[in-house]
Amino acid sequence: MVSADAVFEVRGLGKTYGSGPSAVHALKGVDLDLFAGELVVLLGASGSGKSTLLNLLGGLDLPSAGRLTYRGWDLAGADEAGLTRYRRDVVGFVFQFYNLIPSLTARENVALITEIARDPMAPEEALKLVGLEARMDHFPAQLSGGEQQRVAIARAIAKRPQVLLCDEPTGALDLKTGMIVLEAIERINRELGTLTAIITHNAVIADMADRVLHLSDGRLDREHRNDRRAAVDALAW
Ligand SMILES: Nc1ncnc2c1ncn2[C@@H]1O[C@H](COP(=O)(O)OP(=O)(O)O)[C@@H](O)[C@H]1O
Ligand SMILES: [Mg+2]
């Protein structure tokens, strides 16, 4: 359920890497509200600033200009300890590469996180949400790429994050496997109500998002809203 509360308020957000003639203006005045429970897809050409925006939302980096708040808390002005707490307690990340520990089983990879989280679900529950209940005791090398990515998703959501940020989660997968991974993310958003932002090139997930945002050269230049239910029903999942 999408509610009317803005979870993130982004105003005039800018990010510049480097300085002088070699400075790169990766974001140039982005205005955006993100709401509780939304599934948002970010599209844009390579280099348009998608990862930069996601990293700022996730507290991995700080903006150079503008306002960025999470539930009214000034994320742009946070100190290192505040950012660490925020990333640990609030945000789940999924990246293109799974970064699983090869010597641990799927269950143990997830348990590594649930052991340090405040209100985690059981590793088994997280793995069930991504459809891996039959693969819990396999090692990463015994799993396909799509399965490994679903373990990484289970690891990201097992701490019940308020926000799930996914940067090209299907970038290393074929289209069909990618769909299974995106289906898992969509299900988590729907069942747990986790505000979810996904960078992807997959047009089908764009259809099942509540909103699709287009970044171009560091600016948000277009946005459209979907009838997400219709798209999800049409896929008959
Ligand atoms: N750490 C960094 N240092 C310098 N430039 C960077 C850094 N990260 C990204 N950039 C530059 O910022 C721009 C936006 O990058 P990015 O957000 O990664 O784009 P996207 O994810 O849309 O491909 C690019 O020109 C990129 O080269
Ligand atoms: Mg990127």
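**Why do we call it that?**

Me: Asn 99 lies in the loop between strand 6 (91-94) and helix 3. Why is Asn 99 called exposed?

Reply: Bear in mind that this is a predicted model. The relative accessible area of Asn 99 is 55%. Exposed means over 50%, so Asn 99 is exposed.

Me: What makes the phi of Asn 99 worth pointing out?

Reply: Its phi is near 55°, a positive value, and Asn 99 is a residue other than glycine. Most residues other than glycine have a negative phi.

Me: Where else does a residue that is not a glycine have a positive phi?

Reply: Try Arg 71, with a phi of about 45°. Arg 71 is in the loop between strand 4 (65-70) and strand 5 (73-74).

Me: How do you know that Arg 71 counts as partly exposed?

Reply: Arg 71 has 46% relative accessibility. Buried needs under 20% and exposed needs over 50%, so at 46% Arg 71 counts as partly exposed.

Me: And Gly 66 in strand 4, why is Gly 66 partly exposed?

Reply: Its relative accessible area is 44%. Partly exposed is what lies between the 20% and 50% cut-offs, so Gly 66 is partly exposed. Gly 66 also has a far-off partner in sequence: Arg 11 is 55 residues away along the chain, but 5.7 Å away in space, C-alpha to C-alpha. Leaving aside neighbours within four places in sequence, Gly 66 is in contact with Arg 11, Gly 12, Leu 13 and Ala 76.

Me: Now for helix 1. What makes Thr 52 count as buried?

Reply: Thr 52 is in helix 1 (residues 50-57), and its relative accessibility is 10%. Buried means under 20%, so Thr 52 counts as buried. Not counting residues up to four places away in sequence, Thr 52 touches Lys 15, Tyr 17, Ala 26 and Leu 27.

Me: Why is helix 1 as a whole said to be largely enclosed by the rest of the structure?

Reply: Just look at the tally: six of its eight residues are buried, so helix 1 is largely enclosed. The buried ones are Lys 50, Thr 52, Leu 53, Leu 54, Leu 56 and Leu 57. Just after helix 1 comes Gly 59, with a positive phi of about 70°.

Me: Why are helix 5 and helix 6 called roughly parallel?

Reply: They pack at an angle of about 20°, with their axes 9 Å apart. Angles under 35 degrees count as roughly parallel, so helix 5 and helix 6 are roughly parallel to each other. Their crossing is right-handed.

Me: Which residues meet where helix 5 packs on helix 6?

Reply: Helix 5 brings residues including Gly 146, Ile 153 and Ile 157, and helix 6 brings others, among them Thr 177, Ala 184 and Leu 192. By class, this contact has eight nonpolar, three polar and one charged residues.

Me: Last one: which residues have the most contacts inside the largest nonpolar core?

Reply: Those are Leu 127, Val 151, Leu 164, Ile 185 and Ile 198, in a core of 37 residues. Helix 5 (145-157) and helix 6 (175-192) are among the elements that each supply at least two residues of this core. Apart from it lies another core, of 31 residues, among them Leu 56, Tyr 86, Val 91 and Leu 195.

Technical notes:
Residues numbered from 1 in each chain as written. Chains lettered and ligands numbered in written order. Predicted model: local features only at pLDDT ≥ 70, side-chain atom pairs only at ≥ 80, totals over all residues. Heavy atoms only, no water. Core = buried A, V, L, I, M, F, W, Y, C linked by side-chain atoms within 4.5 Å. Buried < 20%, exposed > 50% of the residue type's maximum accessible area, 1.4 Å probe, protein only. Helix = DSSP H or I, 4+ residues; strand = E, 2+ residues; numbered from the N terminus. Axes fitted to C-alpha atoms, helices over the stretch in contact; angles between N-to-C directions. Parallel < 35°, antiparallel > 145°, perpendicular 65-115°, else oblique. Left-handed = near helix turned anticlockwise from the far one by under 90°. Contact = heavy atoms within 4.5 Å. Nonpolar A, V, L, I, M, F, W, Y, C, P; charged D, E, K, R; others polar.
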